[in-house]
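Here is a walk through one model, from its domains to its ligands. Have the structure open and follow along.

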Amino acid sequence: MTYIVALTGGIASGKSTVEKLFARLGVPIVDADIIARQVVEKGTVALQKITEHFGDGILHTDGSLNRAKLRTIIFSHEAERLWLNQLLHPIIQQETLRQFEQIKAPYLLWVNPLLIENNLQFCANRVLLIDVKPEIQISRLKNRDNITEDLAKNMISSQASNTVRRLHADDIIENNYSTEELTALVNTLHAKYLELSTNYND
Ligand SMILES: CC(C)(COP(=O)(O)OP(=O)(O)OC[C@H]1O[C@@H](n2cnc3c(N)ncnc32)[C@H](O)[C@@H]1O)[C@@H](O)C(=O)NCCC(=O)NCCS
Ligand SMILES: Nc1ncnc2c1ncn2[C@@H]1O[C@H](COP(=O)(O)OP(=O)(O)OP(=O)(O)O)[C@@H](O)[C@H]1O
């Protein structure tokens, strides 16, 4: 199988921004958030189970999932978040493996926000963590999603702490500075991963 670099980090740490930079360098991407959206599209078994559990009120009038509503519920009720996780995570994992097997490249980037929480680091050859100072993280999250400070803090506290994530990381990007600096860091890491994967594939 292709050499796998897992990219993880807290909410609004900059994963999508870094993912785009790797994609621009031609690196194939497998994104757990995108897969998580596909598995709850209209007509899926998962969406049917979510509707049975939360009622029709969890849907938009066109029958698609009201993500904002589900988000507010699961980040304020721990038991509901765990219920959703046990439903969706095995389905997401199965689709992830399917995508890994289709990719032929020196290495691929597997973007998974909950890599550490779900103990999936063993599935990757290398773990790249994006870290960000908590005050910058909260302010970027509030600005991007236009949400309250309370919801932002609940979302952050539903995830692993940066201290725990750092224990599992092989490489760390500190995303507290400009996007120009971020781009330079990604270029350096890309060269490193090409070298590591060449040795691995030999
Ligand atoms: C709750 C949902 C509907 C909110 O959708 P929304 O479009 O607002 O957010 P999106 O899916 O882009 O997720 C944004 C971020 O929230 C965080 N997050 C999402 N789900 C979870 C979770 N179960 N636990 C902790 N953090 C989570 C992640 O950092 C993620 O990157 C959605 O996140 C969802 O279905 N979550 C359950 C599936 C899951 O665990 N996804 C995470 C990737 S495997
Ligand atoms: N170095 C940076 N300088 C300024 N703004 C940044 C920087 N990195 C990311 N951002 C901004 O911070 C916000 C969060 O970044 P991004 O969406 O990439 O995070 P994410 O980790 O993918 O989030 P999520 O976990 O919700 O999927 C975005 O609005 C992004 O434009």
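**Two domains, two ligands**

Start with the big split: the C-alpha centres of domain 1 and domain 2 lie 23 Å apart. Domain 1 covers 1-28 + 105-202 and domain 2 covers 33-102, with bounds taken from an automatic or database domain assignment. A word on what you're looking at: this is a predicted model, where local features need pLDDT of at least 70, side-chain atom pairs count only at pLDDT 80 or more, and totals for chains, interfaces and linings use all residues. Residues are numbered from 1 along each chain as its sequence is written, while chains are lettered from A and ligands numbered from 1 in the order in which they are written.

Now for where the domains meet. Nine residues of domain 1 are in contact with seven residues of domain 2, contact being C-beta atoms, placed from the backbone, within 7 Å. On the domain 1 side, helix 7 (residues 149-157) gives the most, with three residues; helices here are DSSP runs of H or I with at least four residues, strands are E runs of at least two, and both are numbered from the N terminus. That side of domain 1 has five nonpolar, four polar and no charged residues. In this scheme Ala, Val, Leu, Ile, Met, Phe, Trp, Tyr, Cys and Pro are nonpolar, Asp, Glu, Lys and Arg are charged, and the others, Gly among them, are polar.

Ligand 1 brings both domains into play: its shell draws at least three residues from each of domain 1 and domain 2. Of the 17 residues around ligand 1, Ile11, Ala32, Arg67, Arg71 and Pro113 come nearest (a residue is near if its C-beta atom, placed from the backbone, lies within 6 Å of the molecule). Helix 2 (32-38), helix 4 (67-74) and helix 5 (78-102) each give two or more residues to this shell, and the largest share, five residues, comes from helix 5. By class, the shell around ligand 1 has 10 nonpolar, three polar and four charged residues.

Over at ligand 2, there are also 17 residues around the molecule, and Lys15, Ser16, Thr17, Arg140 and Arg144 come nearest. Helix 1 (15-24), helix 6 (134-145) and helix 9 (179-201) are the elements giving two or more residues to this shell, and helix 1 gives the most, with three. The class split around ligand 2 is five nonpolar, eight polar and four charged.

UniProt has something to say too: an unreviewed entry lists Ala12, Ser13, Gly14, Lys15, Ser16 and Thr17 under "binding site", though such annotations may be inferred rather than shown by experiment. Ala12 is in the loop between strand 1 and helix 1, and counts as buried because it has 23 C-beta neighbours inside 10 Å. The cut-offs are 20 or more other C-beta atoms within 10 Å for buried, 12 or fewer for exposed, and partly exposed in between, with C-beta atoms placed from the backbone. Thr17, in helix 1, counts as partly exposed because it has 16 such neighbours inside 10 Å.

Finally, look inside. The largest nonpolar core has 28 residues, with Val5, Ala6, Leu7, Trp110 and Leu128 making the most contacts inside it; a core is a set of buried Ala, Val, Leu, Ile, Met, Phe, Trp, Tyr and Cys residues joined through C-beta atoms within 7 Å. Strand 3 (107-111) is among the contributing elements, and gives the largest share, five residues.

Note on methods
Contact = placed C-beta atoms within 7 Å.
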